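Biologist: I should like to go through this model term by term, setting each value against its definition. May we begin with the exposure of a single residue?

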Amino acid sequence: MTSLPRNNLSTVQYEKTEGNQLFPIFLKLNDLHTVLIGAGNVGLEKLTAILTNSPLARVTVIAREFLPEVHTMASVYEGVTVIQKPFVDTDLDNADLVVAATNDNELNAYIRDSAHERKLLVNVADKPALCDFYLGSIVQKGDLKIGISTNGKSPTVAKRLKEVLNEGIPDELDITLQQMSELRNSLSGDFTYKVKRLNEVTSVLVEKKIGNNKNLIWLIWGAIILAIVTAFFALWNKEPEFRAYVQDINPLFYYFLGAGFVFAMVDGAIGMSYGVTSTTFSLSMGIPPASASMGVHLSEILSNGIAGWMHYRMGNINWKLFKMLLIPGIIGAVLGAYILSSLEHYSNYTKPFVSLYTLILGIVIFKKALKTGQKRTNAKIKRIGLLGFGGGFIDAVGGGGWGSIVLSTLIAGGRHPRFSLGTVKLSRFFIALMSSITFITMLSGARWEAVSGLVIGSALASPIAAKISNRISAKAIMMSVAVIVILISIRSIINFLLKVI
């Protein structure tokens with residue numbers, strides 16, 4: 001028999017007891033008898049957690065008073081028995097597991113002592129120090145079940161982690177588990193052979209991920225090259241000024257270079273407002289609406305391509321949501337760009353309407369800032385295609401709004417913020433590309449010093465912005481952006497009215 005060397009044994013025995021020292025374990029509650037004392041809100045929560053994970057569990061609920069929902073659950077689940085009476089210690093004589101969920105601290109302590117006298121494990125609600133075990137947050141995808149523990153420090157953090165994992169782990173993973181189980185059962189040979197064979201089968205998952213990684217790289221860079229080639233030939237044939245542009249750089253370039261960098265950083269922090277801030281700034285600098293929108297979308301090709309790639313590398317993309325947004329969003333963006341370009345000769349009349357639109361978006365952003373931190377609804381938005389089409393169309397016409405409309409609607413509808421932000425950023429790359437191509441083919445006489453400034457400034461900020469998106473408190477930034485957009489939009493509208501009068 002092999003034994004540990006003395007020095008190694010000492011290391012094991014005297015290792016620091018820092019961090020979470022709980023031992024994770026999954027119980028077969030269907031084969032055990034659980035006694036739950038308390039049938040108020042906390043008791044109902046405990047009962048729901050037990051039956052959600054083990055619908056066939058045998059649970060006896062003892063309490064003086066019962067919420068109606070507890071009786072409802074007892075009528076649905078055959079293993080639940082309710083007894084309306086005061087608790088006495090003999091109620092635990094036939095128990096295997098005990099949960100105390102009353103609002104009486106003395107009674108909870110008495111239940112704990114009674115359980116320990118019978119050598120039973122007990123959970124006392126909201127009293128970690130009195131608990132032998134915790135009921136952690138659970139993520140379940142078919143046969144896959146993941147328990148989350150914060151060592152009793154923060155149930156709220158456990159719930160947030162549950163949301164992240166529920167969103168990030170695909171439901172189809174259960175199919176993979178079933179197929180792997182069938183494969184394992186069909187294999188013959190010794191343990192070493194079985195492990196080797198299973199490793200060969202699962203290696204395709206890694207190879208596929210690498211393949212997807214390369215495909216996405218080629219897709220983004222191919223789209224960028226397409227945009228550059230299209231823009232180059234269109235400008236070479238239509239814009240003599242473009243050929244001499246580099247020889248005489250307008251100071252306006254530097255203004256838009258700084259503005260593009262700042263607006264992209266703000267957008268990376270709060271996930272929206274690049275379009276509305278850039279358009280508002282462009283209009284205030286005398287750029288016509290269609291040219292302003294073209295400049296915004298051209299700059300967003302590179303910046304959102306980089307940001308989308310960074311979010312992809314960080315695992316922030318919901319691919320199902322991405323597919324539902326992409327095609328409708330592109331159709332709406334191309335249609336909006338075509339309509340706005342057709343009205344470019346009437347820019348003096350369209351400009352106040354675009355300013356009114358940016359004013360409304362500024363108010364929307366301000367309201368969202370006030371609501372930051374409030375609880376989101378659990379009812380997810382179902383008409384994703386319609387949302388993508390409307391967001392793409394309004395974004396092209398107004399020079400911005402994809403983030404303010406699509407991202408904020410997804411989050412308000414219960415989608416996880418981090419995955420929504422990454423998905424919206426990546427889809428925005430393709431939508432900006434198609435609307436830019438539409439603008440370029442429709443317009444002439446664009447202000448390229450402003451466009452190039454936005455493109456370079458936003459591209460420089462994009463990698464930084466993607467990394468800080470989860471680290472900056474958004475409320476103050478959102479309120480500042482909203483106030484600036486509202487004031488500049490009001491100024492533009494007032495100037496138009498003064499000219500008319």
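Modeller: With a relative accessibility of 48%, D93 is classed as partly exposed.

Biologist: Why does D93 count as partly exposed?

Modeller: Buried means under 20% relative accessible area, exposed means over 50%, and partly exposed covers what lies in between (1.4 Å probe, protein chains only). D93 has 48%, so D93 falls in the middle class. The model is a predicted one: local features need pLDDT of at least 70 and side-chain atom pairs count only at pLDDT 80 or more, while totals for chains, interfaces and linings use all residues. Residues are numbered from 1 along each chain as its sequence is written, and side-chain values use heavy atoms, with hydrogens and water left out.

Biologist: What makes the contact of R118 and D93 a salt bridge?

Modeller: The term requires a side-chain nitrogen of Lys or Arg within 4 Å of a carboxyl oxygen of Asp or Glu. For R118 and D93 the N to O distance is 2.9 Å, so the pair qualifies. R118 belongs to the loop between α4 and β5, and D93 to the loop between β3 and β4, so this pair ties together parts that are 25 residues apart in sequence.

Biologist: How do you know that D89 and R118 also form a salt bridge?

Modeller: Their side chains meet at 3.9 Å, N to O, and the limit is 4 Å, so the pair is accepted. D89 lies in the loop between β3 and β4 and R118 in the loop between α4 and β5, so parts 29 residues apart in sequence are tied together. D89, D93, E117 and R118 are linked in a network of salt bridges. The whole structure holds 4 salt bridges, one of them between D91 and K85, whose closest N and O atoms are 2.7 Å apart.

Biologist: Are D91 and K85 buried or partly exposed?

Modeller: D91, at 17%, is buried, whereas K85, at 26%, is partly exposed.

Biologist: Why is the pair of F87 and Y110 called edge-to-face?

Modeller: Rings of Phe, Tyr and Trp (its six-membered ring) pair if their centres lie within 6.5 Å; planes under 30 degrees apart count as stacked, over 60 as edge-to-face and the rest as tilted. F87 and Y110 have 6.0 Å between centres and 75° between planes, so they meet both conditions. The pair links distant parts of the chain, 23 residues apart: F87 is in the loop between β3 (80–84) and β4 (97–100), and Y110 is in helix α4 (residues 105–117). F87 is buried at 11%, while Y110 is partly exposed at 38%. W319 and F322 are edge-to-face as well, because their ring centres are 5.6 Å apart and their planes stand at 80°.

Biologist: Where do W319 and F322 lie?

Modeller: Both are in helix α12, 3 residues apart, which is about one turn of the helix. Helices (H or I, at least four residues) and strands (E, at least two) are DSSP runs, numbered from the N terminus. W319 and F322 join F429 and F430 in one aromatic cluster.

Biologist: What makes a set of residues a nonpolar core, and which helix gives the most to the largest one?

Modeller: Such a core is a set of buried Ala, Val, Leu, Ile, Met, Phe, Trp, Tyr and Cys residues joined through side-chain atoms within 4.5 Å. The largest has 40 residues, and M294, L298, I301, V406, L410, F430 and F439 have the most contacts inside it. α16 gives the most to this core, with 11 residues. A second, separate core has 21 residues, including I50, A63, A74 and F133.

Biologist: Why is helix α10 described as largely enclosed?

Modeller: Of the 11 residues of α10 (residues 274–284), 10 are buried, so the rest of the structure largely encloses this helix. Among the buried residues are Y274, F281 and L283. G286, which follows α10, has a positive phi near 90°.

Biologist: How do you know that β6 and β7 pair?

Modeller: Pairing requires at least two bridges between the strands in DSSP. β6 (residues 137–141) and β7 (residues 144–148) have 5 bridges in the antiparallel sense, so they pair. K141 stands opposite L144 in β7, and G142 in this hairpin takes a positive phi near 65°.
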